[in-house]
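I opened this entry to look up how the ligand sits and how the domains meet. My notes follow the model.

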Amino acid sequence: LRRLVVVGASLAGLRAVEAARRAGFTGSITLIGAERSAPYDRPPLSKALLRADAPASVSPFHTEEHLRTELGVDLRCGAPATGLDIDHRRVLVGADRVDYDGLIIATGAAANAWPLGAGVPGVHPLRTAVDALAIRAALDAGKRVAVIGAGFIGSEVASAARARDLPVTVIEAAPQPLTRSVGPSVADVLTGLHRSAGVDLRVGTQVTEVHQNASGVTGLTLGDGNYLPAELVVLGIGARPATGWLRDSGLALHRDGGVLVDATLATRAPGVYAAGDVAHAPLSVFDDEVVRLEHWTSAAEQGAAAARHLLDPDTARPLQTVPYFWSDWHGHRLQFVGVPTADEARVIRPEPEQFLALYRRGDRVVGAFTVNGQREIMRYRRHIVGHAPFEDALAEAGAHDRAA
Ligand code: FAD
């Protein structure tokens with residue numbers, strides 16, 4: 001293999017490049033990215049970057065100079081791939097063609113569109129540095145904030161607004177925040193975190209109308225008829241795989257547009273792998289359930305693994321991924337390891353500042369959710385990977401409590 005091409009210049013793509021060089025690959029690497037900047041980290045966009053005391057700027061993981069000289073990357077920023085020709089092993093970038101021997105698709109996800117607020121100034125998704133800097137400027141200007149969706153990103157923006165003492169309303173169609181990610185029976189604690197920090201949380205309702213004047217959004221009408229004034233509306237309504245460019249490629253795609261790969265991250269097309277938020281992969285630890293994760297840790301892990309497997313397919317093994325995410329709400333660290341689809345989510349410690357729930361499927365532990373449980377969460381990962389009985393995880397929790 002002489003020519004490695006990576007499409008998508010963010011976390012998974014960068015980790016692929018780094019892993020290829022670490023594995024001793026000396027051929028050419030072309031990194032094609034739609035955004036104008038070199039790869040940067042997304043989690044701070046909804047956390048540190050929105051703080052009043054933090055610099056209003058985004059630093060890349062590496063300078064372009066470092067990518068070019070140290071990692072030997074031909075970096076093509078602001079140049080979205082527009083097509084893929086599997087038969088001729090070629091990526092199309094507008095009128096340009098980039099030939100590959102091996103290809104890693106790492107185009108991630110793009111924020112879902114919200115037709116009601118399309119094109120209205122002051123209505124922002126939060127996926128890119130450009131989005132985050134616009135939101136930061138609106139917070140600096142003291143705008144009243146409405147957030148659509150009480151998922152991770154929406155809830156982090158609400159936390160940032162409250163930390164500045166700005167009024168913020170979160171509008172969530174489901175009965176509780178984050179229900180899909182942690183399951184309904186533990187989401188109560190999250191409602192409590194928002195409400196005790198002064199967030200006006202409206203659940204079970206939706207926006208029916210967006211009001212605007214010449215300078216932009218002025219307010220929202222909700223399904224229950226209430227009117228909310230807001231000059232900044234942040235969308236936390238999820239993301240979809242960025243695979244429009246693969247539509248005519250013949251590559252097998254999931255119905256949501258994500259790229260289907262096997263447990264080693266290989267697609268069925270020769271020499272083509274996918275990694276990160278774009279990829280639907282079987283979770284070998286969970287009976288090969290096929291999932292598309294939108295978590296930092298799995299994107300990093302998959303990017304590196306895709307490169308290693310592509311360069312040396314004989315050594316490729318199914319990844320032992322255990323989904324993991326964190327999120328920061330009102331000064332509290334939320335962490336989830338495993339999967340929330342379970343027969344039971346048992347709340348072990350209900351106190352919001354040191355919450356613990358363990359998830360049971362049959363007699364096996366499949367997940368753990370903590371608030372401020374940085375010192376214990378990864379112990380449950382070990383039990384989950386090892387298919388341990390639920391009782392073992394309960395004993396672990398007991399041992400932790402006794403030691404505390
Ligand atoms: P992405 O980061 O989505 O990158 C894909 C890249 O591909 C983008 O730069 C995109 O412009 C580019 N691209 C798209 N189409 C094309 C094309 N046709 N040609 C070329 N390039 C293209 N996860 C956590 O676990 N914890 C957190 O606290 C957390 N916080 C987050 C906060 C925010 C605001 C966001 C947006 C995400 C957060 N995440 C968090 C999720 C985490 O950042 C993602 O899982 C991770 O960024 C995925 O990396 P990726 O490289 O797969 O995709």
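**Around the ligand**

I looked first for the elements that line the ligand: α1 (11-22), α7 (296-311) and β22 (324-329) each give at least two residues to the shell around it. Helices (H or I, at least four residues) and strands (E, at least two) are DSSP runs, numbered from the N terminus. I note that this is a predicted model, where local features need pLDDT of at least 70, side-chain atom pairs count only at pLDDT 80 or more, and totals for chains, interfaces and linings use all residues. Residues are numbered from 1 along each chain as its sequence is written, and side-chain values use heavy atoms, with hydrogens and water left out.

Which residues come nearest? I found S10, E35, R42, K47 and R127, out of 32 residues around the ligand. Being near takes a heavy atom within 4 Å.

I sorted the shell by class and got 18 nonpolar, eight polar and six charged residues. Ala, Val, Leu, Ile, Met, Phe, Trp, Tyr, Cys and Pro count as nonpolar, Asp, Glu, Lys and Arg as charged, and the others, Gly among them, as polar.

Next I checked polar contacts from the backbone (pairs of N or O atoms within 3.5 Å). A backbone N or O atom of A12 is 2.9 Å from a ligand oxygen atom. For L11 the distance is 3.3 Å. A polar backbone atom of H295 lies 3.4 Å from an oxygen atom of the ligand. The protein covers 93% of the 1000 Å² of accessible area that the ligand has on its own (Shrake-Rupley method, 1.4 Å probe).

**Between the domains**

I then read off the domains, whose bounds come from an automatic or database assignment. They are domain 1 (3-110 + 239-315), domain 2 (113-235) and domain 3 (331-403). Domain 1 and domain 2 each give at least three residues to the ligand shell. Their centres, taken over C-alpha atoms, are 30 Å apart. The contact (heavy atoms within 4.5 Å) takes 19 residues from domain 1 and 14 residues from domain 2.

Conventions
A polar contact is a pair of N or O atoms within 3.5 Å; within protein, one must be able to donate a hydrogen and the other to accept it, and residues adjacent in sequence count only if both atoms are side-chain atoms.
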